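Grab a pencil and work through these exercises with the model open beside you. Each task comes with a worked solution, so try it yourself before reading on.

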Amino acid sequence: MSYRRGATRIFIAATALVAVACADSPTPSEPSSVTPSFERSAVAQGRLAALFPDVSADVMGLPGTVFADHDEVQGKLVFGVENANAAQGVQRSLIGRGLSADEFSVKVVQPFVRLADLQTTVIRPTQAGTQIHFGGYVCTLGFNVSHGAGRSFITNSHCTDTQGGTEGTTYAQPSRTADPTVIATEAADPAYTSGGGCSKGKVCRFSDASRALYSGPVGSAQGVIAKTTGVNNGSLTTAGTFTITSQNNTSTSYSGTVNKVGRTTGWTSGSITSTCATINVSQSKIQLRCQTVVTNNAATIVSGGDSGSPVFQITGGDNVTLVGILWGGSGTNTFVFSPLKSIQDELGAVVATAGGGSVEPPPPPPPPPPPCVPRGKSGNCD
């Protein structure tokens with residue numbers, strides 16, 4: 001009896017999710033109302049009502065079942081399943097329990113999934129666009145990659161314990177409180193340098209990017225970016241994923257609209273307003289060269305914690321081209337990102353696409369010089 005009460009509660013919650021999910025659907029899969037069945041007598045309806053608790057409890061234990069409903073309007077027991085094979089199993093079970101074919105309906109539907117949050121949910125394998133925790137701060141996981149040095153993710157250089165230089169920063173996801181597992185350790189973060197066109201008194205790079213090497217047991221989903229319920233609506237609830245099907249390895253100049261997913265403002269988009277711009281980072285000596293600026297005056301598209309967000313262009317449906325990594329903003333209507341080409345120029349070639357495999361390892365370092373053998377009275381080496 002307690003199991004059936006639990007199943008009822010679960011079913012009620014599921015139907016609430018259906019209502020929310022379908023509220024804005026322009027093409028509902030079924031009409032909002034159906035004509036009541038006048039062919040089912042009160043006695044027949046009573047029979048189905050009496051059968052439903054035990055029948056549904058048994059059927060919902062079968063593989064591939066999604067929901068069960070006693071639909072009084074249709075005068076049927078209705079079951080949702082994930083695939084045709086599951087439908088056959090449910091049909092056999094119902095007929096074996098003495099129900100006739102006109103007393104039930106079995107249909108294939110999408111399964112209900114638990115909704116996650118970009119900031120608070122432990123996600124394994126890890127996905128781009130979700131929160132990472134290091135030291136006393138949080139940032140966004142940029143994108144998972146194959147790299148010659150091993151399976152890694154890219155985030156910002158300033159999302160390390162010390163910006164510029166590799167000190168071995170460790171990361172948790174989404175936080176050490178939620179899960180203290182060290183998912184990855186900083187492996188590459190080039191130093192910022194002066195000269196070479198860098199403004200006087202500044203130190204420069206062409207990308208605010210670092211690479212973290214994954215811990216062996218931690219899974220990572222390459223080519224996957226978390227997707228929220230809608231663009232520029234402030235939602236942090238995941239509702240699927242974007243798939244990175246291509247990456248722009250050659251450009252530092254873009255046009256049109258780009259999108260990003262970050263742990264603070266979720267999925268947002270704006271128009272490119274400047275390309276290959278030199279940006280001075282406020283309250284620092286750091287200068288980022290050849291960066292891209294994105295603006296949307298009608299929406300909040302960036303806020304603290306969005307640093308590290310993957311930046312991409314949608315090519316069709318949920319397929320996207322990766323173009324860079326967000327590192328800063330001006331107010332809440334403008335963000336700036338480093339192009340993927342510049343990231344790879346500084347961190348080495350990466351493959352970020354789904355199913356992209358690995359890249360060639362870097363060449364081995366040159367052999368060390370031979371030991372010094374002093375010669376003659378001078379004591380110099382040859």
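Let's warm up with one cysteine: Cys290 has a relative accessible area of 10%, so it counts as buried (buried means under 20% relative accessible area, exposed over 50%, partly exposed in between, with a 1.4 Å probe and protein chains only). Before you go further, note that this is a predicted model, where local features need pLDDT of at least 70 and side-chain atom pairs count only at pLDDT 80 or more, while totals for chains, interfaces and linings use all residues. Residues are numbered from 1 along each chain as its sequence is written, and side-chain values use heavy atoms, with hydrogens and water left out.

**Exercise 1. The partner of Cys290**

Task: find which cysteine is joined to Cys290 and work out the handedness of the disulfide.

Solution.
Step 1: look for the sulfur partner. Cys276 is joined to Cys290 by a disulfide, with an S to S distance of 1.8 Å; a disulfide here is a pair of cysteine sulfur atoms within 2.5 Å.
Step 2: place both ends. Cys276 sits in strand 16 (residues 266-280) and Cys290 in strand 17 (residues 286-295), 14 residues apart, so the pair links distant parts of the chain. Helices (H or I, at least four residues) and strands (E, at least two) are DSSP runs, numbered from the N terminus.
Step 3: read the torsion. About the S-S bond of Cys276 and Cys290 it is about -100°, so this disulfide is left-handed.
Step 4: check the cover at the other end. Cys276 has 40% relative accessibility and counts as partly exposed, whereas Cys290 is buried.
Step 5: don't skip the backbone. Cys290 is not a glycine, yet its phi is positive, about 60°.

**Exercise 2. The other disulfides**

Task: how many disulfides does a search of the whole structure find, and what is the handedness of the pair Cys139 and Cys159?

Solution.
Step 1: count. The search turns up three disulfides.
Step 2: take Cys139 and Cys159, whose sulfur atoms are 2.0 Å apart. Cys139 belongs to strand 6 (residues 137-140), and Cys159 to the loop between strand 8 (152-155) and strand 9 (170-171); the two are 20 residues apart and link distant parts of the chain.
Step 3: the S-S torsion of Cys139 and Cys159 is about -80°, so you have a left-handed disulfide. Both ends are covered: Cys139 is buried at 5% relative accessible area, and Cys159 is buried at 0%.
Step 4: move to Cys198 and Cys204, joined by a disulfide with S to S 2.0 Å. The torsion about their S-S bond is about 80°, so this disulfide is right-handed. Cys198 is buried at 12% relative accessible area, and Cys204 counts as buried at 6%.

**Exercise 3. Backbone oddities**

Task: which peptide bonds to Pro125 and Pro174 are found, cis or trans, and is Gln283 buried or exposed?

Solution.
Step 1: go from Arg124 to Pro125. That peptide bond is cis, with omega near -5°, and Pro125 lies in the loop between strand 3 (104-108) and strand 4 (126-128).
Step 2: do likewise for Gln173 and Pro174. They are joined by a cis peptide bond with omega about -5°, and Pro174 is in the loop between strand 9 and strand 10 (184-188).
Step 3: turn to Gln283, in the loop between strand 16 and strand 17. Its phi is near 60°, positive in a residue other than glycine, and Gln283 counts as exposed at 83% relative accessibility.
Step 4: finish at helix 4 (residues 340-347). Its buried residues are Leu340, Ser342, Ile343, Gln344 and Leu347, and Gly348, which follows helix 4, has a positive phi near 100°.

**Exercise 4. Around strand 13**

Task: how many residues of strand 13 (residues 220-228) are buried, and which way do strand 4 and strand 14 run relative to strand 13?

Solution.
Step 1: score the cover. Nine of the nine residues of strand 13 are buried.
Step 2: try strand 4. Two bridges join strand 4 to strand 13, and the two run parallel; strands pair if DSSP finds at least two bridges between them. Ala128 stands opposite Ile225 in strand 13.
Step 3: try strand 14 (residues 238-247). Four bridges join strand 13 to strand 14, and these run antiparallel. Thr228 has Thr238 of strand 14 as its bridge partner.
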